[in-house]
Amino acid sequence: MTDDVAEADIERAADLLARARRVTVLSGAGVSTDSGIPDFRGPQGVWTRNPAAERLSTLQAYVSDPEVRRESWRQRAAHPVWRARPGPAHTALVDLERSGRLLALLTQNIDELHQAAGSSPDLVVELHGTVHHVQCLSCGLRAPMSEALERVAAGEEDPPCPRCGGVLKSATISFGQELDAGVLMRARRAAVDAEVLLAVGTSLGVHPAAGVVDLAAAAGAAVIIVNAEPTPYDDVADVVLRGGVGDVLPRLVRDLEPVAD
Ligand code: NAD
């Protein structure tokens, strides 16, 4: 992605980070597009190219329509996430953590690429779950996605729960599905406790996840937004860096000294 973010704006944001001891990051699908995983709403997004695909992400359609489930399993089996490797934006967030400033890495992503890059699993808060596991919508059984995909490869088009026969779905939050209350509370706490809220690669159009920006700003945090397109929160931000995360994030963290104990 081409990028023309001015060095002066990078320096303003880097200075906010350098002076902070508690930085909370909110990441979105844009962090993983360089890794070959399309976002939903960007110019090449899954829903931008095919608006009807949004239906596959609604719980009601998934539960009530076996064809939606069969199509979902076909798409999961072929998903680029299984071959994806972390990119420069993921690595830059590991560097931010190593500088001693990361309070929490709140992610809307379901791809586990932050953990694959080396971010501490303890600091990653997966607001929308993970595609690396499945969950039964009836009995709650949780199991590795790889086992379910083996059944799909062996010919089951819509594999039911091996324990109770219920509907199996990736352990992700669909539209119409509540976020885990404990996960959301942890994310909100990290927003309120932050000195800087850094939102990266997210359209900030999905709630309640995007609401952590408001919470952090109301509690006095500086807000930095790094995204290729405008977001509804740009007016709230202290610095908006409109460019590619793979370019901007490494520049933001390159001169960060470790915090003194
Ligand atoms: P989104 O699709 O709504 O927005 C992504 C934003 O990132 C867009 O504004 C786009 O312009 C920007 N962007 C794309 N590539 C970029 C880049 N290289 N540099 C800078 N900006 C870039 O995504 P969202 O805000 O995360 O919300 C969508 C929902 O979709 C989330 O709930 C998430 O769970 C899910 N999702 C996850 C993945 C994933 O895990 N990788 C992929 C697609 C969707």
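**View 1. Polar contacts between the ligand and the protein.** A polar contact here is a pair of N or O atoms within 3.5 Å. With that cut-off in hand, look at this predicted model: a ligand nitrogen sits 3.0 Å from a polar backbone atom of Ala 228. Another backbone contact involves Ile 110, where a polar atom lies 2.8 Å from an oxygen of the ligand. Asp 111 joins in through its side chain, with an N or O atom 2.8 Å from a nitrogen atom of the ligand. On its own the ligand would expose 850 Å², and the protein buries 95% of that.

**View 2. The shell around the ligand.** Zoom out a little and you'll find 28 residues surrounding the ligand. Arg 41, Gln 108, His 128, Ser 203 and Glu 229 are the closest. Sorted by type, the shell comes to 9 nonpolar, 14 polar and 5 charged residues.

**View 3. An open sheet of 3 strands.** The strands run in the order E5-E4-E6, with antiparallel pairing. E5 (142-144) and E6 (168-172) are the edge strands; each has a single partner strand, so one side of each has no neighbour in the sheet. From one strand to the next, the twist averages 45°.

**View 4. E4 meets E5, with a helix packed on the sheet.** Strands of a sheet pair through backbone hydrogen bonds. Strand E4 (residues 129-136) pairs with E5 in the antiparallel sense over 3 bridges. To spot one of the pairings, find Val 134, whose bridge partner in E5 is Ala 143. Helix H7 (residues 145-153) packs on the sheet and touches E4, E5 and E6. The direction of H7 makes about 70° with that of E5.

Key:
Residues numbered from 1 in each chain as written. Predicted model: local features only at pLDDT ≥ 70, side-chain atom pairs only at ≥ 80, totals over all residues. Heavy atoms only, no water. Near = heavy atom within 4 Å. Polar contact = N/O pair within 3.5 Å; in protein donor to acceptor, adjacent residues only side chain to side chain. Areas by Shrake-Rupley, 256 points an atom, 1.4 Å probe, with all protein chains shown as cover. Nonpolar A, V, L, I, M, F, W, Y, C, P; charged D, E, K, R; others polar. Pairing = 2+ DSSP bridges. Helix = DSSP H or I, 4+ residues; strand = E, 2+ residues; numbered from the N terminus. Axes fitted to C-alpha atoms, helices over the stretch in contact; angles between N-to-C directions. Contact = heavy atoms within 4.5 Å.
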